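User: I am new to this structure and should like a close look at one part of it. Please begin with the side-chain pairings and then follow them outward to their surroundings.

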Amino acid sequence: MGLDKTVASAAEAVADISDGASLAVGGFGLCGIPGTLIDALWQREVGDLRIVSNNCGVDDWGLGLLLAAGRISRMTSSYVGENKEFARQYLSGELEVELVPQGTLAERLRAGGTGVPAFYTPAGTGTQVGEGGLPWRHAADGSVAVASPAKETRDFDGRPYLLEHGITTDFALVRATIGDRHGNLVFRSSARNFNPLAAMAGRITVAEVDHLVEPGELDPDEVHLPGVFVQRVVKVSPGDPAAERRIERRTVRQEGGA
């Protein structure tokens, strides 16, 4: 592959993602999502995808496109968010969902990316997160078909902690503002969110970037994610509607308001 990790198109970048693949996907709500790569994957019509992402976008955007098309079989997420189809599929038994405390999800991705197989955390102790019984999949009649297992616990300094496992996935899809041909990435403001963590967790990480620069143009102190974690880089085409930055819930002051 060499040091130049750029590929010509998003379609080429996701061409080897097949049915049943696991993916870590960056973004928080609609902020920082790799929309171009998601769209390219949606057009390929692959299915039975097992996705790890903070949430599943909205009904008609981001991962919500794959969900609405019935391409996702399992989500590992922190919350349902604004996606009504996500809730419908989960409650009807069409989708398996592992809900994970947000900080725990972030650390599980980071741990997987750094080779740490498991770690202890106090988050979730004394709840169904640790004791088990959270519905992962419902049956058609609304009963619980698959429930979460109990987690191993251990006391440290008199306080209980849960054992959580690191996450690694077949692929990771992320979006950065700037990337160079070696895969070094810079994220913009809050779009940094889960993107570096998802990138670390993927065995093959694909990054879409708004601006592609040559090696050496980035100050090393400005790099948020080193290229060792990235295998493919694709530049977003100007005006690509799939790369649009949408706002999940627009809140503005009413005219004449205080």
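Analyst: Arg137 and Glu96 form a salt bridge in which the closest N and O atoms are 3.5 Å apart. A salt bridge here is a side-chain nitrogen of Lys or Arg within 4 Å of a carboxyl oxygen of Asp or Glu. The pair joins distant parts of the chain, since Arg137 belongs to strand β6 (residues 135-138) and Glu96 to strand β4 (residues 96-99), 41 residues apart. Helices (H or I, at least four residues) and strands (E, at least two) are DSSP runs, numbered from the N terminus.

This is a predicted model, in which local features need pLDDT of at least 70 and side-chain atom pairs count only at pLDDT 80 or more, while totals for chains, interfaces and linings use all residues. Residues are numbered from 1 along each chain as its sequence is written, and side-chain values use heavy atoms, with hydrogens and water left out.

The two partners fall into separate accessibility classes. Arg137 is partly exposed, with a relative accessible area of 22%, whereas Glu96 is buried at 15%. Buried means under 20% relative accessible area, exposed over 50%, and partly exposed in between (1.4 Å probe, protein chains only).

The pair also belongs to a wider arrangement: Arg74, Glu96, Glu98, Arg108 and Arg137 are linked in a network of salt bridges. One member of that network, Arg74, has a further partner, for its charged end sits over the ring of Trp136, 4.8 Å from the ring centre. For this, NZ of Lys or CZ of Arg must be within 6 Å of the ring centre and within 35 degrees of the ring normal.

Over the whole structure, the search finds 14 salt bridges. Another of them connects Glu214 with Arg181, whose closest N and O atoms are 3.0 Å apart. Glu214 lies in the loop between β12 (202-213) and β13 (232-235), and Arg181 in the loop between β10 (169-180) and β11 (185-186), so this pair ties together parts that are 33 residues apart in sequence. Glu214 counts as partly exposed at 37% relative accessibility, and Arg181 counts as partly exposed at 24%. Glu94 and Arg88 also meet through their side chains in a salt bridge (2.8 Å, N to O). Here Glu94 is partly exposed, with a relative accessible area of 40%, and Arg88 is partly exposed at 39%.

Aromatic side chains provide a second kind of pairing. Rings of Phe, Tyr and Trp (its six-membered ring) pair if their centres lie within 6.5 Å; planes under 30 degrees apart count as stacked, over 60 as edge-to-face and the rest as tilted. By this rule there are three aromatic pairs. Phe28 and Tyr79 form a tilted one, 6.3 Å centre to centre and with 40 degrees between the planes. This pair, too, links distant parts of the chain: Phe28 is in the loop between β1 (22-25) and α2, Tyr79 is in the loop between β3 (72-77) and α4 (84-92), and they are 51 residues apart. Phe28 counts as partly exposed at 35% relative accessibility, as does Tyr79 at 29%.

Phe156 and Tyr161 form an edge-to-face pair, 5.4 Å centre to centre, with 85 degrees between the planes. Phe156 is partly exposed, with a relative accessible area of 32%, whereas Tyr161 is buried at 19%. Together with Tyr120, these two residues form one aromatic cluster.

Cysteines remain to be considered. A disulfide is a pair of cysteine sulfur atoms within 2.5 Å, and by this rule the count is zero. Cys31 is in no disulfide, and the nearest cysteine sulfur, that of Cys56, is 17 Å away. That distance is too far for a bond. Cys31 is partly exposed, with a relative accessible area of 29%, while Cys56 counts as buried at 0%.

Finally, strand β1 contains Leu23, a buried residue with a relative accessible area of 0%. Not counting residues up to four places away in sequence, Leu23 touches Ile17, Leu41, Leu49, Arg50, Ile51, Val52, Thr169, Phe171 and Leu173, where contact means heavy atoms within 4.5 Å. Leu23 and Leu173 are 150 residues apart in sequence, yet 7.2 Å apart in space, C-alpha to C-alpha. Another of these contacts, Leu41, is among the buried residues of α2. Helix α2 (residues 35-44) is mostly covered, with seven of its 10 residues buried. Just after α2, Glu45 takes a positive phi of about 65 degrees.
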